[in-house]
Amino acid sequence: RFPQAASKPIDSQMIHSSRFLFLLTICTLLLISCLPLSQEQSLPPVETTSSTEKEETSRKPLLISSDFGKNWENTSGNLPDEIQVSFLELKGVEIVMATDNLGLWLSRENRTTWKEIGQDLPGKKLNALYVSEEYLYVGVYREGIYRSSDEGKTWTSLNFNLPNLNVQAVHVYQHSVFVGTDLGIYQLNAEETYWEAVIIGPQVLSIYDYQDKLIAGSSQGSLLSSDGGKTWKWIRQEGAVHYTHNIDQRIYELVLNGDLIYSDDWGESWLETFYEPRSGSYVYEIAQVGETLVMSNN
């Protein structure tokens, strides 16, 4: 056993004094914490922004370049800053613009001002746009296909018996209307009273024609028709293709995994294009300007 330490008498007066000092310290700290801050401490600094700075930092949804992207000119005009441009098509010298959030717009006065023309459509999110000499066609998100013959003043539904109203692509070839949907390709009959199934199964996101052939891009690859859309054959079944486009006879496939594939023999053989930087997203669209190819992603 360890020996017990000798006990010392406890000074009760010292204990009371210590308690008093402890309580006094706590009360003082609480009082200090409750005091209001000085004006310099309590008021955050005021940031001022000039009108010029606001104009420079505001979003410009539509721009144009005449030197292959070295310089850009704002051509948004009176477009809302929050507009999200999805598709652009020419109508004469003017531009028809389909958006992802604010419907359909048409440029005026040689593209200097814009007018909303899709107010009567059942939705503001547009999946597809096609402009012909006579009509405007739009695919409205989950609402089907609509057509206008008076530059968007009035719209007519062409949904009829269309089994899937998520129209992703619209194309007119030899007076026949084709749509790509989440369930395949459908063709409007000559009397424009019902839709005939052409390809059933894959989601079809793009349709175009070139040299008497129709090409479609789908979630399972690309298809080609040489008889006006009556019959189709697979020309490539690797990867989900969100967009197809031709430059001369070359077919371009823009694949969701980022691949950019092309064929010079109508799909008999395919080659891959290597480009940088590739990270971030698949190529959204490709176009030819003179001898230059321009691609876009996010």
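# Exercises on strands and salt bridges

Arg-278 is partly exposed, with a relative accessible area of 30%, in a structure that is a predicted model. The exercises begin with this residue and then turn to the sheets.

**Exercise 1. Find the residue with which Arg-278 forms a salt bridge, and decide whether that partner is buried or exposed.**

Step 1. The partner of Arg-278 is Asp-259, and the closest N and O atoms of the two are 2.6 Å apart.

Step 2. The pair links distant parts of the chain, since Arg-278 lies in the loop between β22 and β23 (285–289) while Asp-259 lies in the loop between β20 and β21, 19 residues apart.

Step 3. Buried means under 20% relative accessible area. Asp-259 has a relative accessible area of 17%, so it counts as buried.

Step 4. Salt bridges that share partners also occur here, and they join Arg-236, Glu-238 and Glu-253 into one network.

**Exercise 2. State how many salt bridges are counted, and work out which parts of the chain are tied together by the one between Asp-100 and Lys-125.**

Step 1. The count comes to 9 salt bridges.

Step 2. In one of them, Asp-100 and Lys-125 bring their closest N and O atoms to 2.5 Å from each other.

Step 3. Asp-100 belongs to the loop between β4 (94–99) and β5 (104–108), and Lys-125 to the loop between β6 (113–116) and β7, so the pair ties together parts that are 25 residues apart in sequence.

Step 4. Asp-100 is partly exposed at 27% relative accessible area, and Lys-125 is partly exposed at 29%.

**Exercise 3. Describe the salt bridge between Asp-264 and Arg-250, and place each residue in the chain.**

Step 1. The closest N and O atoms of Asp-264 and Arg-250 are 2.7 Å apart.

Step 2. Asp-264 sits in the loop between β21 (260–263) and β22 (271–273), whereas Arg-250 is in strand β20 (residues 250–255), and the pair links distant parts of the chain, 14 residues apart.

Step 3. Asp-264 is partly exposed, with a relative accessible area of 42%, and Arg-250 also counts as partly exposed, at 26%.

**Exercise 4. Give the strand order of the open sheet that contains β15, and explain why one side of β15 and of β18 is left without a neighbour.**

Step 1. The sheet has 4 strands in the order β15-β16-β17-β18, with antiparallel pairing.

Step 2. β15 (204–210) and β18 (233–236) stand at the edges and each has a single partner strand, so one side of each has no neighbour in the sheet.

Step 3. From one strand to the next, the twist averages 30°.

Step 4. Within the sheet, β16 (residues 213–218) and β17 (residues 221–225) run antiparallel and are joined by 5 bridges. Leu-214 stands opposite Ser-225 in β17.

**Exercise 5. Decide whether Ser-225 is buried or exposed, and find which backbone atoms lie beside its side chain.**

Step 1. Ser-225 is found in strand β17, and with a relative accessible area of 1% it is buried.

Step 2. A polar atom of the Ser-225 side chain lies 2.9 Å from the backbone nitrogen of Gly-229.

Step 3. A polar atom of that side chain also lies 2.8 Å from the backbone oxygen of Thr-231.

**Exercise 6. Identify the edge strands of the open sheet that contains β8 and β9.**

Step 1. This sheet has 4 strands in the order β7-β8-β9-β10, and the pairing is antiparallel.

Step 2. Its edge strands are β7 (126–131) and β10 (156–157), each of which pairs on one side only.

Step 3. Strands β8 (residues 136–140) and β9 (residues 144–148) are joined by 5 bridges, and Gly-139 stands opposite Ile-145 in β9.

**Exercise 7. Determine how many residues of β13 are buried, and describe how β13 is connected to β12 and β14.**

Step 1. Strand β13 (residues 184–188) is mostly covered, with 5 of its 5 residues buried.

Step 2. β12 (residues 176–181) pairs with β13 in the antiparallel sense over 4 bridges, and a hairpin joins the two through 2 residues.

Step 3. β14 (residues 195–200) pairs with β13 in the antiparallel sense over 5 bridges. These two strands form a hairpin with 6 residues between them, and Glu-192 in the turn has a positive phi of about 55°.

Key: Residues are numbered from 1 along each chain as its sequence is written. This is a predicted model: local features need pLDDT of at least 70, side-chain atom pairs count only at pLDDT 80 or more; totals for chains, interfaces and linings use all residues. Side-chain values use heavy atoms; hydrogens and water are left out. Two strands pair if DSSP finds at least two bridges between them. Axes are lines fitted to C-alpha atoms, for helices over the stretch in contact, and angles run from 0 to 180 degrees between N-to-C directions. Buried means under 20% relative accessible area, exposed over 50%, partly exposed in between (1.4 Å probe, protein chains only). A polar contact is a pair of N or O atoms within 3.5 Å; within protein, one must be able to donate a hydrogen and the other to accept it, and residues adjacent in sequence count only if both atoms are side-chain atoms. A salt bridge is a side-chain nitrogen of Lys or Arg within 4 Å of a carboxyl oxygen of Asp or Glu.
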